[in-house]
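This report considers the surroundings of one residue and the arrangement of one sheet. Please consult the sequence and structure shown below while reading.

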Amino acid sequence: MRREKLQAKGVTRIDDPGRHGVGWYARVVYRGKTFSKYFADMSHGGTESAFRKALAWRNATEKLVGKPRTDRTFTGGVGRSRTGVPGVYQSKQSFVVAWSPAPGELRREFVSIKKFGRQEALKRAIELRRKREREQYGRPVTRRR
């Protein structure tokens, strides 16, 4: 592997020989918890080897905690959503369902509150969000807070 190609979601390069060391920092954030581990170049057989070990640790940790393996970003439940469901929020007279079908892409669909009423529109929006999650990840991945 060439050094320029060494990049992955959740794996960050640390190049600070004076203070923190030189290596890779792997992190998995899921359902409000953060799991992390540092892989120093010297103790893990060099830059590329440390990167591969950090990547393997990230993948194994995601599997262990039940996080779907994807390079897509998806909401963690903070921000605009006051519905209790990440990716579903109210905007004026509709509920917005947002999701990422591919890395760097964002899609939205709207469910009218005027047409369905607030409760029915929210129910339909949540069902639509779950449908999109099943299409992307094979199962619903977010849960109501």
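## Burial of A26

A residue is termed buried when its relative accessible area is under 20%, and exposed when that area is over 50%. The model discussed here is predicted. In this model the relative accessible area of A26 is 0%, and A26 is therefore buried.

## Surroundings of A26

A26 belongs to strand β2, which comprises residues 21-30. When neighbours within four places in sequence are set aside, the contacts of A26 are G10, V11, F35, S36, K37, F39, A54 and W57. For one of these residues, A54, a separation can be stated: its C-alpha atom and that of A26 are 5.6 Å apart, although 28 residues separate the two along the chain.

## The sheet β4-β5-β6

Elsewhere in the model, 3 strands form an open sheet with antiparallel pairing, in the order β4-β5-β6. The edges are occupied by β4 (88-91) and β6 (107-112); each has a single partner strand, so one side of each is left without a neighbour in the sheet. From one strand to the next, the twist averages 30 degrees.

The antiparallel pairing of β4 with strand β5 (residues 94-99) extends over 4 bridges. Q90 stands opposite F95, a residue of β5.

## The helix across the sheet

Helix α3, formed by residues 118-137, lies across β4, β5 and β6. With respect to β5, helix α3 runs at about 10 degrees.

Conventions:
Residues numbered from 1 in each chain as written. Predicted model: local features only at pLDDT ≥ 70, side-chain atom pairs only at ≥ 80, totals over all residues. Heavy atoms only, no water. Helix = DSSP H or I, 4+ residues; strand = E, 2+ residues; numbered from the N terminus. Buried < 20%, exposed > 50% of the residue type's maximum accessible area, 1.4 Å probe, protein only. Contact = heavy atoms within 4.5 Å. Pairing = 2+ DSSP bridges. Axes fitted to C-alpha atoms, helices over the stretch in contact; angles between N-to-C directions.
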